[in-house]
Amino acid sequence: MQAQKFNFSNLIRCTAVGFLLAGVLGSSLALADTRPRIGLVLGGGGARGAAHIGVLEVLREQRVQIDCVAGTSMGGLVSGAFAAGLTPDEMLQAMDEADWRDMFMDSPAASDISARNRNLSRRFLPGSEIGITPNGAVPLPGVVSGQKIKLFFNKLVHSEYGEPQIENLKMPLSVIATDLVSGDKVVFQKGSLTKAMRASMSVPGLMSPVEDGGTRLVDGGLVDNVPIDEVRKRCNPDIVIAVNVGSPLLTAKEIGSLVSVAGQMVNILTEQNVTKSLASLKPTDIYIKPDLEGITAGDFERYAETAKRGRVAAEAVVAQLRKLSQGDNQYAAWWASVVPERSIQPIIDSVEVAGIKRTNQDVIATRFKGYEGKPLDPKRIDMDMMQTYGESEFDSVDYSLVTARDRNILRVTPVEKEFGPDYVRAGINLDSILGREATYDLRLAYHKTWLNSLGGEWLTGVQIGNKPKLFTEIYQPLDPTRRFFVEGGISYQREPLKAWQNNKNIADYKVDEVRLDLMGGMQVGMLGAIRLGWTEKRREANLETGTLAIESGSKTFGGWSARVDFDQFDRLYLPTRGWMVRGSYFDSPDENYSKAELELRLSRSIGGLIFHGRLYGAGSPRGDLPAFDPVAMGGFLNMSGFARNQVVGDSVSYGSIRAEKVVGQLPLGLRGDMRVGMALESGKVGGRYTETNLEGWQNSLAIYAGGETPLGPVYAGYGYAPNGMSNIYIFVGTP
């Protein structure tokens with residue numbers, strides 16, 4: 001083989017080309033290095049944080065490329081959404097679709113609560129329960145558990161494509177929370193994005209803390225509301241863009257209530273760490289503080305206005321932002337790298353329920369049958385989450401779509417109440433007709449749940465006041481789905497009874513009743529339940545004052561009993577939409593009579609008004625109703641121009657239509673609204689034992705104001721009937 005001759009001229013030419021290429025590449029790298037690294041800081045401020053979206057709009061228009069972002073509280077929410085690839089327009093659309101007032105009320109729609117829990121919630125104040133543990137009584141950890149808020153976060157960042165993990169995001173992110181035990185700052189830089197967002201927004205006292213690794217996390221604003229230092233640590237930026245939307249301190253005139261004092265204490269802590277953070281800004285950094293005067297931390301419904309104010313503030317520094325602009329192609333390429341791939345939605349291979357300790361896992365798992373082999377439906381999963389949460393056994397119910405060994409697993413994670421499974425429940429009732437009569441009752445009960453693997457319950461309690469009562473009840477599901485059940489109860493109650501004639505109170509009775517119920521039932525989906533069984537009663541009426549109008553004495557009687565209770569209202573007490581059907585039938589073989597009752601209700605919102613219709617009928621299909629088991633008419637929204645149970649007889653026919661106007665809302669986190677309304681009523685009682693001269697149909701008019709409060713529904717109203725009386729009603733509490 002002949003050796004090749006070394007060519008020195010070729011070596012020179014290759015070397016020259018190499019130096020030329022190296023120079024071009026070096027120039028390009030040097031040009032790239034000239035772009036300053038930019039860190040974005042979005043501070044906390046509750047609803048005022050919607051201003052961040054307006055700032056992001058301007059940053060996007062000016063093509064400012066962000067290298068890392070840090071956020072606290074609402075700033076953590078917007079930061080997380082931004083790092084997950086959401087545009088400002090997408091964020092605004094999500095906020096537009098959100099019902100913020102409903103989001104801060106954890107209770108699901110009444111139609112999403114089982115019939116058993118609807119009944120309990122109407123007898124006892126929702127959220128009043130106190131847990132009984134080996135360490136003593138434990139109250140609720142917050143006004144809001146954050147159930148709906150967390151589901152909103154899941155939807156916002158498209159968790160149906162898989163649970164976003166902070167460490168996998170293309171934009172480095174830091175979300176700030178506070179360790180409630182140690183007081184230390186907690187910085188989320190890995191793990192569940194939605195969990196970090198939820199923890200960072202947990203305002204102490206309003207929202208329950210988030211459990212994480214044995215610690216309890218709350219709002220990061222307590223320790224670092226404008227986390228400038230964290231963004232410097234995250235990506236060592238040359239320029240920091242810091243946005244401060246914090247609430248100013250209250251004035252002396254604004255501080256009065258306990259709530260305002262607590263709020264001022266939080267504001268003081270926040271402002272102290274904000275002042276320290278802002279002092280670290282350099283002359284080259286950009287500071288944006290939107291004018292948010294008049295917008296409070298709870299004004300989430302004013303998000304659009306708040307975002308516009310953020311935009312105005314960013315436009316005021318647009319000259320500085322323009323210096324950071326990138327070319328169209330470079331910016332588009334960067335943003336495309338931030339947005340995760342969402343073209344193909346994963347198919348669920350299996351469902352697992354995790355974290356259950358005392359609750360029967362099969363009871364929860366049955367609700368999530370049928371998910372396998374399909375992509376995750378956000379609407380369906382949210383509905384099933386809320387229905388599971390509505391069982392009142394969990395602090396929260398969440399989900400995540402995770403991949404393990406090439407399988408997509410829908411992991412359902414209910415968090416059982418730490419202060420259960422035994423509870424003390426309370427209810428209060430004040431029912432008064434001014435100048436005529438008033439009753440005041442306090443209801444307390446001990447509620448023991450999960451007596452066995454199928455979820456048996458025992459409820460026993462006492463009512464003290466004008467209608468003293470003792471009761472104990474057992475409820476036992478017969479299968480894991482809780483479709484079939486048996487229940488039994490025994491109670492004693494003493495109730496005052498007034499007898500009326502010609503609108504005059506002619507007699508007062510004390511009626512004692514001992515009652516025993518043994519029933520079997522079936523849940524009909526989420527509609528409600530039907531029951532069939534035996535009811536035994538002993539009633540004794542004793543004349544206290546006045547003229548004998550109803551036979552005194554005692555009577556023991558029993559019979560077969562059937563009940564149906566279907567309820568699709570959206571709220572427990574003051575619905576805006578939905579319907580209800582409630583009926584009962586009792587047949588006493590020994591006394592040779594039967595008693596039937598049927599009630600129909602319908603609510604609809606039309607324009608700015610809420611309309612309610614009600615039809616009620618009761619009577620005796622067989623025989624006549626005896627004096628010891630009659631039906632009655634009279635009372636607020638039950639022929640309001642007559643006193644409570646003024647007209648007593650063998651049958652009742654009643655109809656009413658009401659119109660209400662919402663005139664106010666309770667503070668964020670408290671359920672309900674305030675309304676004014678008017679009712680037109682008509683009714684007739686046959687076979688009368690009292691008001692024997694009151695023939696035919698009677699008409700009544702009522703006007704009222706009221707709403708749902710932490711003490712239950714509250715009403716003040718006036719009722720008038722041409723043949724009745726003028727009554728002024730006051731009602732507070734649970735029926």
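A residue counts as buried when its relative accessible area is under 20%, and as exposed when it is over 50%. Keep those two cut-offs in mind, as they come back throughout this tour. One more thing before we start: what you are looking at is a predicted model.

**The whole chain**

Let's begin with the big picture. The chain has 735 residues, and buried ones make up 50% of them. It holds 15 helices and 31 strands. Measured out along its principal axes, the C-alpha trace spans about 130 × 70 × 50 Å. What about contacts between residues at least 6 apart in sequence? Of these, 66% join residues at least 24 apart.

**Helix H4 and its two sides**

Now zoom in on helix H4, which covers residues 88-97. Which of its residues are buried? They are Pro88, Met91, Leu92, Ala94 and Met95. Looking down the axis of H4, you'd find these buried residues within an arc of 160°, so they line one face of the helix. There is a simple bit of geometry to go with that: an α-helix has 3.6 residues a turn, so residues three or four places apart point the same way.

And the face turned away from the buried side? There you'll see the exposed residues Asp89, Asp96 and Glu97.

What covers the buried residues of H4? The cover includes helices H2 (51-61), H3 (74-83), H5 (100-103), H7 (147-156) and H11 (303-315).

Helix H2 is itself mostly covered, with nine of its 11 residues buried. The buried ones are Ala51, His52, Ile53, Gly54, Val55, Leu56, Glu57, Val58 and Leu59. Just after H2 comes Arg63, which takes a positive phi of about 55°.

**A cavity beside these helices**

The model has four cavities of 30 Å³ or more. The largest has a volume of about 70 Å³. Its lining is made up of Ile53, Met74, Leu77, Val78, Ala81, Met91, Met95, Trp100, Phe152 and Leu156. H3, H4 and H7 are the elements that each give two or more residues to this lining. Which of the elements gives the most? That's H3, with four residues.

You may recognise some of the names: Met91 and Met95 belong to the buried residues of H4, and both also line the largest cavity. Ile53, another lining residue, is one of the buried residues of H2. How do the lining residues divide by type? They come out as 10 nonpolar, no polar and no charged.

**A group of paired strands**

Next, let's move to some strands. Strand S5 is paired with two others, S6 and S8, while S8 also pairs with S7. Here are the pairings side by side.

| Strand pair | Sense | Bridges | A pair of opposite residues |
|---|---|---|---|
| S5 (173-179) and S6 (185-188) | antiparallel | four | Thr178 and Lys185 |
| S5 and S8 (215-219) | antiparallel | three | Thr178 and Val218 |
| S7 (210-212) and S8 | antiparallel | three | Val210 and Leu217 |

Thr178 is worth a look in the viewer: it stands opposite Lys185 in S6 and opposite Val218 in S8. Is S8 covered or open? It is mostly covered, with four of its five residues buried.

Two of these pairs are hairpins. S5 and S6 have five residues between them, and Gly183 in this hairpin takes a positive phi near 85°. S7 and S8 have two residues between them, and Gly213 in their turn has a positive phi of about 60°.

**Two loop residues**

Finally, here are two residues that sit in loops. Asn638 is found between strand S25 (631-633) and strand S26 (647-649). Is Asn638 buried or exposed? Its relative accessibility is 17%, so it counts as buried. Setting aside neighbours within four places in sequence, Asn638 is in contact with Arg614, Ala632, Met633, Tyr654 and Glu681.

Glu695 lies in the loop between strand S28 (673-686) and strand S29 (698-709). Why does Glu695 count as exposed? Because its relative accessibility is 57%, and the cut-off for exposed is over 50%. From C-alpha to C-alpha, Glu695 is 8.2 Å from Val685, and the two are 10 residues apart in sequence.

Notes: Residues are numbered from 1 along each chain as its sequence is written. This is a predicted model: local features need pLDDT of at least 70, side-chain atom pairs count only at pLDDT 80 or more; totals for chains, interfaces and linings use all residues. Side-chain values use heavy atoms; hydrogens and water are left out. Buried means under 20% relative accessible area, exposed over 50%, partly exposed in between (1.4 Å probe, protein chains only). The arc is that of the directions from the helix axis to the C-beta atoms. Contact means heavy atoms within 4.5 Å. On a 1 Å grid over the protein atoms alone, a cavity is a set of points where a 1.4 Å probe fits but cannot get out, and a pocket is an open set with protein on both sides within 12 Å along at least five of seven lines; lining residues have an atom within 4 Å of a point. Grid points are joined across faces, edges and corners, and a volume is the space filled by probe spheres set on the points. Ala, Val, Leu, Ile, Met, Phe, Trp, Tyr, Cys and Pro count as nonpolar, Asp, Glu, Lys and Arg as charged, and the others, Gly among them, as polar. Two strands pair if DSSP finds at least two bridges between them.
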